[in-house]
Amino acid sequence: MTEDKLVVLGQASVGKSTLINQFVHSIFIDVYDPTLEDAYLKEVKIDDEWHLLDILDTFEYEDYTPLKDSWLREGEAFLIVYSITSRRSFDKVATIREEVKMMQEYSDYVSIILVGNKCDLENERQISREEGQDLAKTFNCPFFETSAKDRINVDESFFSLAREKKFQNEKRLE
Ligand code: GDP
Ligand code: MG
């Protein structure tokens, strides 16, 4: 079985904890402790291969979190989340990606996917789907709009991240 260490990053309240709990437990909880650092395990079969996904939930406290360096160093693949209802959370994405690249040993082969969450809140939308897609294109990474509330593209995002890790590893070893 392949073990994948996945890390979920993004500004506070974009829905990181909610996404993970939808994926792992298929539940929607309305309120989480915002300063939750927690690891979740889930066994899944992806493309005929069993994976043990070890998913780390993270948080940021006023831009500095002592644990951040170790999250970024030890993670193997990163799900960067913004909320389609928050321009600020979208503007943070590029910085987060730079931080990941800085801490990763093989910075040209980092495994990242970009996720625009809360796509059920169409009337509060601030970031168009095209804008998200275009940013992902500049990163050359997969992109999904998700709803942790309605369970849209939740499995797809985590599966895609595990595939991206495999893809980048193979590319690096070529
Ligand atoms: P985190 O700080 O990134 O972990 O964000 P949380 O997972 O704690 O979510 C923050 C708030 O957004 C909570 O009230 C969630 O219920 C809500 N939320 C998370 N995902 C969604 C979503 O896809 N749609 C809607 N409508 N609300 C969401
Ligand atoms: Mg959280």
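In this predicted model, Ile80 sits opposite Leu114 in β5. That pair belongs to the parallel run of β4 and β5, which 6 bridges hold in register as DSSP pairs. On the other flank, β4 pairs with β1 (residues 2-10), again in the parallel sense, this time over 5 bridges. There, Gly10 is the residue that stands opposite Val81 in β4.

With partners on both flanks, how much of β4 (residues 77-83) is buried? The strand is mostly covered, with 7 of its 7 residues counting as buried. Side chains in a regular strand alternate between the two faces of the sheet. In β4, Ala77, Leu79, Val81 and Ser83 point one way, while Phe78, Ile80 and Tyr82 point the other way. Both sets are buried, Ser83 and Tyr82 included.

Stepping out from β4, the next thing to look at is the whole sheet. It is an open one, built from 6 strands in the order β2-β3-β1-β4-β5-β6, and its pairing is mixed. The edges are β2 (38-46) and β6, each of which pairs on one side only. Neighbouring strands are turned against each other by 25° on average, with direction ignored. Back in the middle of that order, β1 also pairs with β3 (residues 49-57), and these two run parallel, joined by 7 bridges. Within this pairing, Val7 has Leu56 of β3 as its bridge partner.

Helices lie against these strands. Helix α1 (residues 16-25) lies across β1, β2, β3, β4 and β5, and runs at about 150° to β3. Helix α4 packs on the sheet as well, touching β1, β4 and β5, and its direction makes about 165° with that of β4.

Now for α5 (residues 129-139), which has a buried side and an exposed one. Which residues of this helix are buried? They are Gly132, Leu135 and Ala136. Seen down the helix axis, the buried residues of α5 fall within an arc of 100°, so they line one face of the helix. That spacing is easy to follow: an α-helix has 3.6 residues a turn, so residues three or four places apart point the same way. On the other side of α5, Glu130, Asp134, Lys137 and Thr138 are exposed. What covers the buried residues includes α4 (93-103), β5 (112-117) and β6 (143-145). Two of the pieces met above, β5 and the edge strand β6, therefore turn up again here as part of the cover over the buried face of α5. Just after the helix comes Asn140, and its phi is positive, near 60°.

Taken as a whole, the protein chain has 6 helices and 6 strands. Along the sequence they follow the pattern β-α-β-β-α-β-α-α-β-α-β-α. The radius of gyration is 15 Å, close to the 16 Å that the globule rule gives for 174 residues, so the chain is as compact as a globular protein of that length. Its C-alpha trace spans about 45 × 35 × 30 Å along the principal axes. Of the 174 residues, 41% count as buried. Contacts also reach across the sequence: among those between residues at least 6 apart, 69% join residues at least 24 apart.

How values were computed: Residues are numbered from 1 along each chain as its sequence is written. Chains are lettered from A and ligands numbered from 1 in the order in which they are written. This is a predicted model: local features need pLDDT of at least 70, side-chain atom pairs count only at pLDDT 80 or more; totals for chains, interfaces and linings use all residues. A residue is buried if 20 or more other C-beta atoms lie within 10 Å of its own, exposed if 12 or fewer, and partly exposed in between; C-beta atoms are placed from the backbone. Helices (H or I, at least four residues) and strands (E, at least two) are DSSP runs, numbered from the N terminus. The arc is that of the directions from the helix axis to the C-beta atoms. Two residues are in contact if their C-beta atoms, placed from the backbone, lie within 7 Å. The radius of gyration is taken over C-alpha atoms; the globule rule is 2.2 Å times the number of residues to the power 0.38. Two strands pair if DSSP finds at least two bridges between them. Axes are lines fitted to C-alpha atoms, for helices over the stretch in contact, and angles run from 0 to 180 degrees between N-to-C directions.
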